[in-house]
Every structure is written in structure tokens, then in C-alpha cells.
Amino acid sequence: MECQECIFCGTESVSQSLIFHATAVSTCPLLEGNLSSMFILRKILKVPESTCVRFLKTYGNPDHWFSCCRNCSALVNKATAIFNEIVELKTRYSVIRENLRNKVRETTASHSSSEYEVLREVRSFITLPGLFRI
Ligand SMILES: [Zn+2]
């Protein structure tokens, strides 16, 4: 174990394994540590990918230069859990949205009178590629 400063608050802390909820996909501790470090750098601190690559090439394994104190780790865990929820909700939202949009694509308007013109326009708008993006 090395003594390092926490990347967030600067508190001197004993280097601990950076294993957070977001890394549960891996069973390799080294990979999990790197994934956690990359999650913090990329998703929380918004460090550009090219800079992260440079850090890895220059400084090697993040376990040697990257530390997080116990208090900040708790916040990172909360952020990670929320991030995972957002990803899950985005996926669920996309599925429902596509189901509804497909209903529009697969059906035709039954009314042709002018009072339904706006509905025909909305329906045609949805069928055009590249539009109606969120
Ligand atoms: Zn800290």
C-alpha cells in the first residue's frame, strides 16, 4: 500500500483499491481498478479520452498514481450508482420511445379531413430519418 493524496480533496490517504459499482462486469481486480479510475477520470472529472490515454502511457497503472480517500470513495459510489441508473433509464426510455414511434410508422391515419392535417404532419415528421431526435 502506498500513501497518496486523494484525487478529489487532496487528503493524504492510504491507497486503496478503486473498485466501485460500475465495474461489477469484470472479475479481474486489475481491470476493475483501471475501469474505476477511467470512470472517475472520464465520467466524473470529464477528462478527455486522449488525455486519459496519455496518462496511462506516461504513468502506467492508475493504482500507482491514483488514489481516493474513504469519504470521496463513498461519493464516487453514489455517483456511480446514479450513473448506472441513468444508463438503465435511458435504455428503458429508448425502448418505449421506439415502440411508440414504430406504432406511428406501422399505421396510417384513418381520417383525411383537414382538421387532422396537423396529425398527418406529425406522423410524416416521425417517419423522416434524422429528425425527432432527443
Ligand atoms: Zn477525498
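Trainee: Where does Trp65 lie in this predicted model?
Mentor: The model is predicted. Trp65 is placed after helix H2 (49–59) and before H3, outside both helices. The element that holds Trp65 is the loop between H2 and H3.

Trainee: Is Trp65 buried, partly exposed or exposed?
Mentor: Trp65 has 15 other C-beta atoms within 10 Å. A buried residue needs 20 or more, and an exposed one has 12 or fewer. The count for Trp65 falls in between, so the residue is partly exposed.

Trainee: How far apart in space are Trp65 and Gln4?
Mentor: Along the sequence, Trp65 and Gln4 are 61 residues apart. In space, their separation from C-alpha to C-alpha is 7.6 Å.

Trainee: What is the distance between the end C-alpha atoms of H3, and what span is expected?
Mentor: Helix H3 covers residues 70–106, which is 37 residues. At 1.5 Å a residue, the expected span is 54 Å. The distance between the end C-alpha atoms agrees with this expectation, at 54 Å.

Trainee: Which residues of H3 are buried?
Mentor: H3 is hardly covered, since the count of buried residues among its 37 residues is 3. The buried residues are Ser73, Val76 and Thr80.

Trainee: Which helix gives the most to the largest nonpolar core?
Mentor: The largest nonpolar core has 10 residues, including Ile7, Phe66, Cys68, Cys69 and Val76. Helix H1, residues 29–44, gives 5 residues to this core. The helix that gives the most is therefore H1.

Trainee: Which residues does Val104 touch, not counting residues up to four places away in sequence?
Mentor: Val104 lies in helix H3 and is partly exposed, with 16 other C-beta atoms within 10 Å. The C-alpha atoms of Val104 and Ser124 are separated by 8.9 Å, although the two are 20 residues apart along the chain. Beyond four places in sequence, Val104 touches Arg123 and Ile126.

Trainee: Is Lys46 buried or exposed?
Mentor: Lys46 is found in the loop between H1 and H2. Lys46 is not a glycine, yet has a positive phi of about 60°. Because Lys46 has 7 C-beta neighbours inside 10 Å, and 12 or fewer is the criterion, the residue counts as exposed.

Trainee: In what order do the elements of the protein run from the N terminus on?
Mentor: The protein has 4 helices and 2 strands. The strands precede the helices, and the order is β-β-α-α-α-α.

Trainee: What percentage of contacts between residues at least 6 apart join residues at least 24 apart?
Mentor: Buried residues make up 16% of the 134 residues in the protein. Among contacts between residues at least 6 apart in sequence, the share joining residues at least 24 apart is 48%.

Terms used:
Residues are numbered from 1 along each chain as its sequence is written. This is a predicted model: local features need pLDDT of at least 70, side-chain atom pairs count only at pLDDT 80 or more; totals for chains, interfaces and linings use all residues. The expected span of a helix is 1.5 Å times one less than its number of residues. A nonpolar core is a set of buried Ala, Val, Leu, Ile, Met, Phe, Trp, Tyr and Cys residues joined through C-beta atoms within 7 Å. Two residues are in contact if their C-beta atoms, placed from the backbone, lie within 7 Å.
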